[in-house]
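User: I would like to go through this structure with you, one feature at a time. Could we begin with a single residue and then move to the larger elements?

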Amino acid sequence: MSTSTFDTAACLDGLLRSRGSVRAFRDEAVPRETVLEILRVAARAPSNSNTQPWQVYALAGEAIHRLEAAITAVFDSGQLPPPHHFPVPLPDEYGARQADFAVRYYEALGIDRTDAAARARQTRRNFGFFGAPVGLILSIDACLKPHSWLDLGLYLQSVMLAARSRGLDTCPQVSFAPYHAVIAPVLGMPQGQVTVCGVSLGYRDERAAVNGFEIPRRDVNEFVRTMGF
């Protein structure tokens, strides 16, 4: 392996290992051009037959506040749309990892998992992008099939890595998806689009415990079967 190849691999490996979901941000603006650079370079992500099915709404300042107010009004009313990102019941294997995450997450926040009011207050923070200076909403044409959603996921990962390479952090947030009926008119989405997720973007608050808890990953031997090597 050449030195340049090694350096490139080390750089990418470092970005992948340092990327994490950040849920507390410093009060430091991110320039519009930096956001556009990230979204532009991420568009090199592959997509089936170059269909590039992603749409992005990049928000800052008052635009974030307007969206947050619209969603939290519904959230606070208690008339919550049903979540739809996991099946019910969730198979045991995945449910165990989900439960483990919840324990680590609320412990880092100092929230007792039986404290429903405190948990609701933390969930509410999703809709202000956890105080990040930039919020992204990603959408896709509702007529498209799962492989196009995969393409959007490849674009999303590229966005997060491009942000990390510039010293920025992110948090992908499926919590926005159930609120599409609220989000669409606020952002002026065309008919036929559906909200996939939000993304918080900014500089992590290093002092916040919620940004420091460990999330275990499965060993490669648990999910890879090699053949013919």
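**A threonine, a sheet and a helix pair**

Analyst: This is a predicted model. Thr72 has a relative accessibility of 6% and therefore counts as buried, the cut-off being under 20%.

User: Which helix holds Thr72?

Analyst: Thr72 belongs to helix α3, which covers residues 62-77.

User: And what does the side chain of Thr72 reach at 2.7 Å?

Analyst: The side chain of Thr72 reaches the backbone oxygen of Glu68 at that distance, 2.7 Å. In addition, a polar atom of the Thr72 side chain lies 3.3 Å from the backbone oxygen of Ala69.

User: Which residues does Thr72 touch, leaving out those up to four places away in sequence?

Analyst: With those left out, Thr72 touches Arg124 and Phe127.

User: Let us change topic to the sheet. What is the strand order?

Analyst: The sheet is open and has 4 strands in the order β1-β2-β4-β3, with antiparallel pairing. Its edge strands are β1 (55-60) and β3 (169-173), each of which pairs on one side only. On average, neighbouring strands of the sheet are turned by 25° against each other, direction ignored.

User: How many bridges does each pair have?

Analyst: β1 and β2 run antiparallel and are joined by 6 bridges. β2 pairs with β4 over 8 bridges, also antiparallel. β3 and β4 (residues 193-202) pair in the antiparallel sense over 5 bridges.

User: Some residue partners, please. What stands opposite Gln55 in β2?

Analyst: Ser139 in β2 stands opposite Gln55. Likewise, Leu136 has Val199 of β4 opposite, and Asp169 has Gly202 in β4 as its bridge partner.

User: Is β2 largely enclosed or exposed?

Analyst: β2 is largely enclosed by the rest of the structure, because 7 of its 8 residues are buried.

User: Now the helices. Which helices have axes that come within 8 Å?

Analyst: The axes of helix α2 (residues 32-42) and helix α6 come within 8 Å and cross at roughly 135°. That angle makes α2 oblique to α6, because it is neither over 145 degrees nor within 65 to 115. The crossing of α2 past α6 is right-handed.

User: Which residues meet there?

Analyst: From α2, Ile38, Leu39, Val41 and Ala42 take part. In α6 they meet Tyr155, Ser158, Val159, Ala162 and Ala163.

Key:
Residues numbered from 1 in each chain as written. Predicted model: local features only at pLDDT ≥ 70, side-chain atom pairs only at ≥ 80, totals over all residues. Heavy atoms only, no water. Helix = DSSP H or I, 4+ residues; strand = E, 2+ residues; numbered from the N terminus. Buried < 20%, exposed > 50% of the residue type's maximum accessible area, 1.4 Å probe, protein only. Polar contact = N/O pair within 3.5 Å; in protein donor to acceptor, adjacent residues only side chain to side chain. Contact = heavy atoms within 4.5 Å. Pairing = 2+ DSSP bridges. Axes fitted to C-alpha atoms, helices over the stretch in contact; angles between N-to-C directions. Parallel < 35°, antiparallel > 145°, perpendicular 65-115°, else oblique. Left-handed = near helix turned anticlockwise from the far one by under 90°.
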